[in-house]
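Okay, thanks everyone for coming. I'll keep this short, and you can follow along on the screen while I talk.

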Amino acid sequence: MRIVRAKALGFCFGVRRAIDMVAEAAEERGPIDSLGSIVHNPVVVDGLAAKGVRVVGGLGDVESGTVAVTAHGRGPEIEEETEERGLDLVDTTCPIVRKSQKAAQGLCADGFGVIIYGEEDHPEVMGVLAWTEGKGRAILDPEAEIDIPHRKLALLAQTTKSEQSFAEFVGRFVGRNIGRINELRIVNTTCPETDERYHAARELAVECDLLIAVGGRSSANTRKLAQTCADSGVETHQIERAREIKPEWLEGKETVGVTAGASTPDESIDEVVARLEKLAEMLHAKEQRARRLPLSNLMDA
Ligand code: SF4
């Protein structure tokens, strides 16, 4: 049995950067309260907790000390409130998310309403919307009814959406609403890192008869990656940890592909590959024994 890793998988640069920044700050300044999980992955969250990084729901849960903004980013009010309260701020907002925030802010200042193609309750989307001063909203359905008060509209995307799905959204949305829009801006705020992972997963699917997508269950991009794998028609399982792999998944398989979301650490991927190798060896030994058995039975007779 062959075990193949996708050409692009695991931590993106934005997540690596955020983890390094928070770990370094915890070492230098002591305990840190992170506004939400630095990444949606329990392995990373546990590792950072051991270094003194505690996850809190919001600034209301912080009394003093240092606060971290995650790679998903937050609204402008966080900087203002931390300054007012004399809290130390470690802002790990990914530069690609920051670009999206700046675009949303600038467009609103120029009189555009902003529509984000994304999940309205995702931290990154909520953060970008917070820069629109109430002139933005997030939708997933291009058929959704929306208000376009000034006939000026801008379309952005949650960074983890694929370029293809954003293009489809734009086509359908504009087709439906063009009569109500005088001026339209489209800002491609999808992240090339996530698109690379989707593309590599599709490539991997061609040579595999089983796919394992590794990542936190609450990670939107890992879920999307697993869905991309499943859409290829190849049997797919999404797991958080190596111990979740069931030996029976491997029975009769020739090539197993491994991919991982942008918030999945290298060690989780290595553990999954090591477990797959071990299970493959065990399966091979079992098959060899089964093949030898009829021969020995013959000799006994
Ligand atoms: Fe940044 Fe892209 Fe990683 Fe999101 S997926 S943190 S946008 S590099």
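Before I talk about the ligand, one definition: when I say a residue is near a molecule, I mean that one of its heavy atoms lies within 4 Å of it. And keep in mind that this is a predicted model.

So, what surrounds the ligand? Going along the chain, you meet Cys12, Phe13 and Gly14, then Cys94, Ile96 and Val97, and after those Thr159, Cys191 and Thr194. Which elements give two or more residues to that shell? Those are helix 1, covering 13-29, and helix 4, covering 95-109. If you sort the shell by class, you get 6 nonpolar residues, 3 polar ones and no charged ones. As for where the ligand is, it sits in the largest cavity.

While we're at helix 1, have a look at Arg17, which is found in that helix. Its relative accessible area is 29%, so Arg17 goes down as partly exposed. Arg17 and Thr93 are 76 residues apart in sequence, yet their C-alphas are 9.3 Å apart in space.

Okay, on to the rings. How many aromatic pairs does the structure hold? There are 3. Let's start with Tyr117 and Phe166: the ring centres are 6.3 Å apart and the planes are at 10°, and because planes under 30 degrees apart count as stacked, this pair is stacked. Tyr117 belongs to strand 6, residues 113-117, while Phe166 belongs to helix 6, residues 163-177, so this pair ties together parts that lie 49 residues apart in sequence. Are these two buried or exposed? Tyr117 has 11% relative accessibility and counts as buried, and Phe166, at 4%, is buried too.

Then Tyr117 has another partner, Phe169. Here the centres are 4.5 Å apart with the planes at 20°, so that pair is stacked as well. Again we have strand 6 on the Tyr117 side and helix 6 on the Phe169 side, so the contact ties together parts 52 residues apart in sequence. Phe169 is buried, just like Tyr117. Put the ring pairs together and you have a cluster made of Tyr117, Phe166, Phe169 and Phe173.

We're not done with Tyr117, by the way. The charged end of Lys161 sits over its ring, 5.5 Å from the centre. There's another arrangement of that kind at Tyr198: the charged end of Lys224 sits over that ring, 4.6 Å from its centre.

Last topic, backbone angles. Most residues other than glycine have a negative phi. Now look at Glu133, which is not a glycine and still has a positive phi of about 50°. Where is Glu133 found? In the loop between helix 5, 123-130, and strand 7, 136-139. With 68% relative accessibility, Glu133 counts as exposed.

Arg151 is another case: a positive phi of about 55°, and not a glycine either. This residue lies in the loop between strand 7 and strand 8, the latter being 152-157. At a relative accessible area of 35%, Arg151 is partly exposed.

So, to wrap up: the ligand sits in the largest cavity, with no charged residues in its shell, and ring pairs link Tyr117 and the three Phe residues, Phe166, Phe169 and Phe173, into a cluster. That's me done, thanks for listening.

Definitions and conventions:
Residues numbered from 1 in each chain as written. Predicted model: local features only at pLDDT ≥ 70, side-chain atom pairs only at ≥ 80, totals over all residues. Heavy atoms only, no water. 1 Å grid on protein atoms, 1.4 Å probe; cavity = no way out; pocket = protein on both sides within 12 Å on 5 of 7 lines; lining within 4 Å. Sits in = over half its atoms within 2 Å of the grid points. Helix = DSSP H or I, 4+ residues; strand = E, 2+ residues; numbered from the N terminus. Nonpolar A, V, L, I, M, F, W, Y, C, P; charged D, E, K, R; others polar. Phe/Tyr/Trp six-rings, centres within 6.5 Å; stacked < 30°, edge-to-face > 60°. Buried < 20%, exposed > 50% of the residue type's maximum accessible area, 1.4 Å probe, protein only. Lys NZ or Arg CZ within 6 Å of the ring centre and 35° of its normal.
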